[in-house]
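Colleague: Hi, have you got a few minutes to go through this model with me? I'd like to start with helix packing and then look at the empty spaces.

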Amino acid sequence: MNIAEKIIKAHLVSGEMEAGSEIGLRVDQTLTQDATGTMAWLQFEALGRDSVQTELSVSYVDHNTLQMGFRNPDDHQFLRMVAGRYGAVFSPAGTGICHQLHLENFAKPGKILIGSDSHTPTAGGIGCLSMGAGGLSVALAMAGETYNIPMPQIVEVRLSGALQGFAQAKDIILELLRRLGTQGGVGKIFEYTGEGVASLSVPERATITNMGAELGATASIFPSDNRTKEFLSKMGREEDWVFLAPDTNASYDDCVEINLTDLVPLAARPHMPDNVVPVSELAGLKVDQVAMGSCTNSSYADLKQVADIMKGKFVSAHTDTCMACGSKQVLTMLMENGDMAGLLDSGVRLLECACGPCIGMGSSPKSTGVSVRTFNRNFEGRSGTKDAQVYLVSPVTAAYCAINGEFTDPKTWGTAPEKPEFPEHIPSIRHHFRYPLEDEAERRKIEVVRGPNIVALESFEPLREELAGEVVLKVGDGITTDHIMPAGAEITALRSNIPAISEYVFSRVDEGFGQRAKSVRDSGKCGFLVAGKNYGQGSSREHAALAPRHLGIRAVMALSFARIHRANLINFGILPLIFEDEKDYERLTLGAKILAKPMVLENNNRFAVEVEGLGKIYFKHDLSKQEFQLVRAGGLLNFVKNR
């Protein structure tokens, strides 16, 4: 067996381990973050459990740390109190980014972790099978329910050789994105093997597994070997190490080979992570901003290399340069060895240990500006500046862009920096976490306070026998959850208030959408969305399904769906339908009147919809019987409560 199969088999509660067959998995750990966590915890409360049922659940505050007005502080208070009440660990604002913190402090080889953030697979760098999911799925896992997914295909990524010169771990995943694209990992787990694996540290591996999310992958995983043991030992967690490797005769569904020796510094151009070219091809392009950090590249090793490159140098006068450490542990190490003082002296702006610019939470680039970032996504408008041109690169490439004020050919960079080792003294920051009381009776005495922006969950009706309505929006390929439910300080502050946040659904795509959808909903009819390929890629934010459901959307008709968003649609009772003939996508227009009778979907994966003036248009679906029952009940929460 391969590693992924071994972990799945050890956690299998229901189903068969055959690709595409639905399986139910026992979950060991969960994580939530504040942009999704408030809603996830409200959903957990609605289930009526007295405490979390996992080995470990952690509630992180790292996304919306700007405390402008009462909304964010109120939510942070709620998250702290609800974690204490139900037995979860709480990580306050400023402690760090959830994935970096979880890697350093909690993730364990051989365990299954799910999180309400699409980059939860970061922990695969330590041999933990970790998957991003919608907040409701995480809430159910915290309540002891299984996590149900189609059994993924397991793809071997065989690494040979070793990185040379200025090539970095970021360039490995950018190369994979260049080859496979943002849909190349849908329904798959990427398992890394080969002689090249031993040359990569755990932080380097975590960079690669983190951006596996951009491939659309269910998860990415590395073996747990001596490099893993070394990392856990440095973190004071050697007892968490177990050896984990594929059997010598392990088989895989597919194989991709990458010779690390051949890689050069790469960059993803606007506006997709798979729009990848060698950095040398961008030489001469002026850079207005450099932003370093995010859950992809904010480890000590990443930022230590930046400090070594920038030592005694200064950022270009026209290049605004900022940095956020992934955790207080990383920040403290850079402070103790003097590197942070050097970085500040070079002109780098230090930001809070949080997600920050990655989700448009401050440090947006100037209008039409070229922003070079060590992040994982460069979707249009995600930075907070709609017309910004965002490039994704490694920390080493970012450092040279900051110094030179433009992209330059790596051949001009001189001698490549050595891979940094951890310092002798590694400070623990575990005293910053708020651990729950062991006595459950004492925990029950904790009163959970809700601010005025925390609105009770809406109850959705079951699926109707007949869905009559109209198409209220038609969009093209590659629609991300940032397009559907924009981020940024103003909007994300409303994440615990669905009626309020629903006002912004598709607001940056079509300003008239919200009013059209509400008009159809208030008339007693249903809204339908029409979309192209890979609808819902990007962030796991379930608000991109929950808010449209509030607006009366009952089905999305698309050419294909991203994995997590498809699951979120089902979780909230929205039908994900796939065009049988791509030509019908062209025929179906805004305002088209539709009549659908969805109950036939239970026993037939081919489905005819009546369209006024066009006759029948055929759709297919890949809903399992269980998934159809969720939609029929009006969503996963209804289904579980009814059961």
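Colleague: Are α2 and α5 roughly parallel or oblique to each other?
Modeller: The axes of α2 (residues 34-46) and α5 (residues 135-142) cross at roughly 45° and come within 8 Å, so the two helices are oblique to each other. Under 35 degrees would be roughly parallel, over 145 roughly antiparallel and 65 to 115 roughly perpendicular, and the rest is oblique. Before we go on, this is a predicted model, where local features need pLDDT of at least 70 and side-chain atom pairs count only at pLDDT 80 or more, while totals for chains, interfaces and linings use all residues. Numbering runs from 1 along each chain as its sequence is written, and side-chain values use heavy atoms, leaving out hydrogens and water.

Colleague: What are those axes and helices, exactly?
Modeller: Axes are lines fitted to C-alpha atoms, for helices over the stretch in contact, with angles from 0 to 180 degrees between N-to-C directions. Helices (H or I, at least four residues) and strands (E, at least two) are DSSP runs, numbered from the N terminus.

Colleague: Is the α2 and α5 crossing left-handed or right-handed?
Modeller: α2 passes α5 in a right-handed crossing; that is, the near helix is turned clockwise from the far one by less than a right angle, and anticlockwise would be left-handed. A40, W41, Q43 and F44 of α2 make the contact with G135, L136, A139 and M142 of α5, where contact means heavy atoms within 4.5 Å. By class, that contact has six nonpolar, two polar and no charged residues. Here Ala, Val, Leu, Ile, Met, Phe, Trp, Tyr, Cys and Pro count as nonpolar, Asp, Glu, Lys and Arg as charged, and the others, Gly among them, as polar.

Colleague: And at what angle do α2 and α3 pack?
Modeller: About 45°, with the axes of α2 and α3 (residues 71-86) 10 Å apart, so α2 and α3 are oblique to each other. Their crossing is left-handed. On the α2 side you'll find D34, G37, T38, W41, L42, F44 and E45, which meet D75, H76, F78, L79, V82 and Y86 in α3. That contact has seven nonpolar, three polar and three charged residues.

Colleague: Further along the chain, at what angle do α9 and α12 cross?
Modeller: At roughly 30°, with the axes of α9 (residues 300-310) and α12 (residues 395-404) coming within 9 Å. The crossing of these two is right-handed. D302, Q305, V306, I309 and M310 of α9 touch P395, V396, A399, Y400, A402 and I403 of α12. By class, nine residues there are nonpolar, one is polar and one is charged.

Colleague: On to the spaces, then. What volume does the largest pocket have?
Modeller: About 860 Å³. Of its 40 lining residues, N148, I149, P150, R566 and E627 are the closest to the centre. On a 1 Å grid over the protein atoms alone, a pocket is an open set of points with protein on both sides within 12 Å along at least five of seven lines, a cavity is a set where a 1.4 Å probe fits but cannot get out, and lining residues have an atom within 4 Å of a point. Points are joined across faces, edges and corners, and a volume is the space filled by probe spheres set on them.

Colleague: Which helix gives the most to that lining?
Modeller: α19, with five residues. The lining of the largest pocket divides into 19 nonpolar, 14 polar and seven charged residues.

Colleague: What about the second largest pocket, which residues lie nearest its centre?
Modeller: S201, P203, R227, A301 and P420, out of 23 lining residues. α6 (169-180), α7 (202-210), α8 (226-234) and α9 each give two or more residues to the lining. The space in this pocket is about 410 Å³, and its lining has nine nonpolar, six polar and eight charged residues.

Colleague: How many cavities are there of 30 Å³ or more?
Modeller: Six. The largest cavity has a volume of about 310 Å³, and A35, H63, I359, S539 and R541 lie nearest its centre among 27 lining residues. α2 turns up again here: along with α4 (98-105) and α15 (489-492), it supplies at least two residues of the lining.

Colleague: And which helix gives the most to the lining of the second largest cavity?
Modeller: α19, this time with three residues. About 210 Å³ of space lies in that cavity. Of its 21 lining residues, A213, G216, Q537, G538 and A562 are the closest to the centre.
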